[in-house]
Amino acid sequence: MNVAAEEFRLNGISATGLIALMSKAGLTHGGFYKHFESKDQLVAEACSSAIDGLVARFKEDSAAGGRQGFMSIVDSYLSMEHRDDRAGGCPLAGMGSELVRADDRARAAAAQGFDDLVAVMAGSLAQEGTAHARSDAGFAMAAMVGAMTMSRLMSDPADAAELLDDVRRRLSLI
């Protein structure tokens with residue numbers, strides 16, 4: 001599953017062929033259908049797996065709790081290291097535009113993953129007594145995914161870093 005999640009984030013869903021993917025995973029193309037009924041099922045499961053890993057990182061980053069925990073998540077997500085780690089980065093930033101056109105299972109996996117990420121962030125904000133913790137966390141997550149996506153489009157690393165810094169600074173005001 002990790003190989004599929006990495007390849008989909010790195011190359012996109014459409015550009016990742018099953019034969020090459022199965023070969024990279026050390027399996028035969030024919031073996032694919034013993035494990036999955038379709039590429040769509042693989043996409044949904046790979047998305048869920050990748051988001052589960054990100055949720056675990058968010059929980060580690062937010063261990064301090066409160067505003068400090070929230071900002072630890074923001075700082076980690078909006079880093080240049082995350083920007084440059086397309087294969088291991090956020091699947092929502094890496095595959096979001098394709099997930100919108102994916103089947104119901106993949107979209108549901110992505111939407112559930114977004115909700116799970118927001119819940120971790122909201123938990124930190126709620127410890128601070130923030131009245132709108134869920135709303136603020138949803139806004140922050142959407143801003144972070146958008147900023148990460150746009151920073152990856154930029155060819156100049158300095159411009160990308162500036163965008164990530166700008167969004168980080170704005171989110172610190174929540």
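Helices here are DSSP runs of H or I with at least four residues, numbered from the N terminus, and in this predicted model M71 lies in helix α5. The points below take up the surroundings of M71, then an aromatic pair that also involves helix α5, and finally the largest pocket, which has a volume of about 160 Å³.

**M71 in helix α5**
- M71 has a relative accessibility of 15% and therefore counts as buried, the cut-off for that class being under 20%.
- Leaving aside residues up to four places away in sequence, the residues that M71 touches are R168, L171 and S172.
- M71 and L125 are separated by 54 residues in sequence, while their C-alpha atoms are 9.7 Å apart in space.

**The aromatic pair**
- The count of aromatic pairs comes to 1, and this pair is formed by F58 and Y77, whose rings are 6.3 Å apart centre to centre with 80 degrees between the planes, an edge-to-face arrangement.
- Because F58 belongs to helix α4 (residues 39-61) and Y77 to helix α5 (residues 66-77), the pair ties together parts that are 19 residues apart in sequence.
- Both partners, F58 and Y77, are buried.

**The largest pocket**
- The lining of the largest pocket consists of M1, V3, A4, L21, M22, A25, L27, H35, F36 and L42, and the elements that contribute two or more residues to this lining are α1 (2-11) and α2 (18-24).
- Sorted by class, the lining of the largest pocket holds 9 nonpolar residues and 1 polar residue, with no charged residues.

Conventions: Residues are numbered from 1 along each chain as its sequence is written. This is a predicted model: local features need pLDDT of at least 70, side-chain atom pairs count only at pLDDT 80 or more; totals for chains, interfaces and linings use all residues. Side-chain values use heavy atoms; hydrogens and water are left out. Rings of Phe, Tyr and Trp (its six-membered ring) pair if their centres lie within 6.5 Å; planes under 30 degrees apart count as stacked, over 60 as edge-to-face and the rest as tilted. Buried means under 20% relative accessible area, exposed over 50%, partly exposed in between (1.4 Å probe, protein chains only). On a 1 Å grid over the protein atoms alone, a cavity is a set of points where a 1.4 Å probe fits but cannot get out, and a pocket is an open set with protein on both sides within 12 Å along at least five of seven lines; lining residues have an atom within 4 Å of a point. Grid points are joined across faces, edges and corners, and a volume is the space filled by probe spheres set on the points. Ala, Val, Leu, Ile, Met, Phe, Trp, Tyr, Cys and Pro count as nonpolar, Asp, Glu, Lys and Arg as charged, and the others, Gly among them, as polar. Contact means heavy atoms within 4.5 Å.
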